[in-house]
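Welcome to a short guided tour. Open the model in your viewer, switch to a cartoon view, and keep the selection box at hand.

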Amino acid sequence: MQAKLNVNALFTLVPNKCDYTFLYVIGRGGFGRVWRAEHKKTKHQFAIKEMQKCKIINKKSIGSVMNERYLLSNLRHPFLVNMHTAFQDRESLYLVMDLMTGGDLRFHICKNRKFNEEQTKFFIICLLLALEYLHHNTVIHRDIKPENLVFDRNGYLRLTDLGIARIWKPGNDGDTSGTPGYMAPEVMCRQVHGVASDYFAVGVIAYECMMGKRPYLGKTRKEIRDQILSKQVTIKTNQIPEDWSEDAADFINQMIQRKPVNRLGFYGPDEVFAHPWFKNVDWDAYLTQSKQAPYKINSNSDNFDYKFANIKEPEDEAQAKQNAELLRRDSIQEAFNGYTYKSQNSQQTIQDQTNSKPTTSMSQQITPTKKKLLDSEPQVELKSQKKYHLVSTPRFNKKLNFTADQPLTERGQAKKHFDF
Ligand SMILES: Nc1ncnc2c1ncn2[C@@H]1O[C@H](COP(=O)(O)OP(=O)(O)OP(=O)(O)O)[C@@H](O)[C@H]1O
Ligand SMILES: [Mg+2]
């Protein structure tokens with residue numbers, strides 16, 4: 001006998017806007033607002049990124065938002081802002097993510113201008129751990145900047161916004177995505193780029209925390225580009241602020257190298273972790289988040305720029321009419337098929353679960369230099385595997401409630417090479 005499908009029951013299981021109370025706006029993105037929201041049934045709070053379909057279409061970014069949702073459903077890490085659910089209605093897409101109540105690093109840079117070495121090192125370690133995970137999964141973030149780094153209430157920093165992140169593929173020289181000021185010169189100059197482009201931005205952020213300004217300044221993309229192309233910035237010994245170590249300055253100098261091949265991280269995360277600045281770092285204490293964060297978050301404040309988050313956009317009646325017409329078209333709505341998502345570990349059923357497949361093809365060639373590096377530093381490889389092992393231990397998964405659905409690579413299995 002054929003089982004009868006209860007369409008109404010199925011529909012109620014699909015996540016949707018009515019499941020949440022949208023409390024207030026906490027951030028602003030390229031396609032809409034980010035909300036603090038509460039799941040009505042469980043009372044859990046989340047951040048929900050709302051993205052207007054019209055804006056996505058007008059900016060020709062359907063591929064990017066679908067890609068972000070796809071990546072997020074395959075990635076899970078304590079230093080990433082992880083996704084729980086995604087859904088849509090006729091007007092918008094919604095990404096339900098971990099709520100980070102500490103605000104983004106831009107907000108705190110505006111407030112403090114500079115940070116001390118201990119605080120900066122802590123931020124950079126959180127970021128490096130997130131990047132190590134992404135890079136081992138062949139994903140380049142491509143938009144590392146203070147706005148995309150958000151604090152939890154304990155002062156731990158997490159990476160968000162995979163809007164322009166990509167699984168690496170050869171021939172990416174056509175892409176110039178990113179934000180001037182943090183964008184690596186090879187990306188600005190439309191050259192093939194790899195993981196090293198993310199490390200350039202890490203260097204810029206560390207420099208900014210130390211010096212109170214970015215290494216390559218300018219008001220426009222062209223001005224910044226001219227600055228980068230005109231000379232290599234280096235922190236000289238006499239410019240190192242009091243109470244900062246030479247190791248810190250050396251690390252930053254190696255990260256802001258304009259030529260990717262000269263940049264620390266060109267050969268992957270292991271050479272970054274091996275830098276003397278991290279000599280006595282207890283990585284496990286970070287991964288288990290048992291270390292006290294040196295930068296204190298004010299938990300009585302919302303930690304975001306209320307005015308910026310709530311800017312009202314001017315209403316354009318003609319545009320609104322055109323948008324409404326656009327959204328009525330089935331062909332437009334079909335472009336977002338597969339966006340809705342619920343963790344496979346949950347009891348719920350999804351109507352439009354994506355059936356796209358990962359495209360993990362990448363160059364696996366080992367260059368002679370890289371081979372030398374991998375052969376000569378077994379302890380670095382070991383250290384890295386230890387960290388990975390830790391991430392996948394049941395104890396750790398339990399603690400962080402990890403439910404990776406389809407990891408792109410198995411932990412420990414990946415001995416990825418980074419000549420991409
Ligand atoms: N999970 C979160 N918790 C708290 N605040 C967040 C969270 N995610 C984002 N925000 C805030 O909202 C801002 C915008 O979010 P996000 O960077 O994801 O959007 P975006 O820049 O528009 O992304 P995209 O490039 O995909 O358009 C962030 O800079 C941050 O201040
Ligand atoms: Mg962003």
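Begin by selecting the hairpin of β1 and β2, where four residues lie between the strands and Gly32 has a positive phi near 160°. Strands here are DSSP runs of E with at least two residues, helices are runs of H or I with at least four, and both are numbered from the N terminus. This is a predicted model: local features need pLDDT of at least 70, side-chain atom pairs count only at pLDDT 80 or more, and totals for chains, interfaces and linings use all residues. Residues are numbered from 1 along each chain as its sequence is written, while chains are lettered from A and ligands numbered from 1 in the order in which they are written.

Now colour β1 (20-28) and β2 (residues 33-39), which pair in the antiparallel sense over seven bridges. Two strands count as paired if DSSP finds at least two bridges between them. Show Phe22 and you will find Ala37 of β2 opposite; Tyr20 has His39 in β2 as its bridge partner.

Next, follow the chain into β3 (45-52). Five bridges join β2 to β3, again in an antiparallel run, and Glu38 faces Gln45 of β3. This second hairpin has five residues between its strands, with Lys43 in the turn at a positive phi of about 70°.

Zoom out to see the whole sheet. It is open and has six strands, in the order β1-β2-β3-β5-β4-β11, with antiparallel pairing. Its edges are β1 and β11 (341-342), each of which pairs on one side only.

What surrounds ligand 1? Select it and its shell of 22 residues; Gly27, Gly29, Gly30, Ala47 and Gly163 come nearest. A residue is near a molecule if its C-beta atom, placed from the backbone, lies within 6 Å of it. β1 gives the largest share of this shell, three residues, and both β1 and β3 supply at least two. Colour the shell by class to see nine nonpolar, six polar and seven charged residues; Gly counts as polar here. Domain 1 (7-101 + 305-363) and domain 2 (105-297 + 372-410) each give the shell at least three residues, with bounds from an automatic or database domain assignment.

For the next stop, select β6, β8 and β9, an open three-strand sheet in the order β6-β8-β9 with antiparallel pairing. β6 (103-104) and β9 (157-159) are the edges, each with a single partner strand, so one side of each has no neighbour in the sheet. Two bridges link β6 to β8 (residues 149-151), and Gly103 stands opposite Phe151.

Finish with helices α5 (residues 117-136) and α7 (residues 196-211), whose axes come within 10 Å and cross at roughly 165°. That angle makes α5 roughly antiparallel to α7, a label used for angles over 145 degrees. Axes are lines fitted to C-alpha atoms, for helices over the stretch in contact, with angles from 0 to 180 degrees between N-to-C directions.

Notes:
Parallel < 35°, antiparallel > 145°, perpendicular 65-115°, else oblique.
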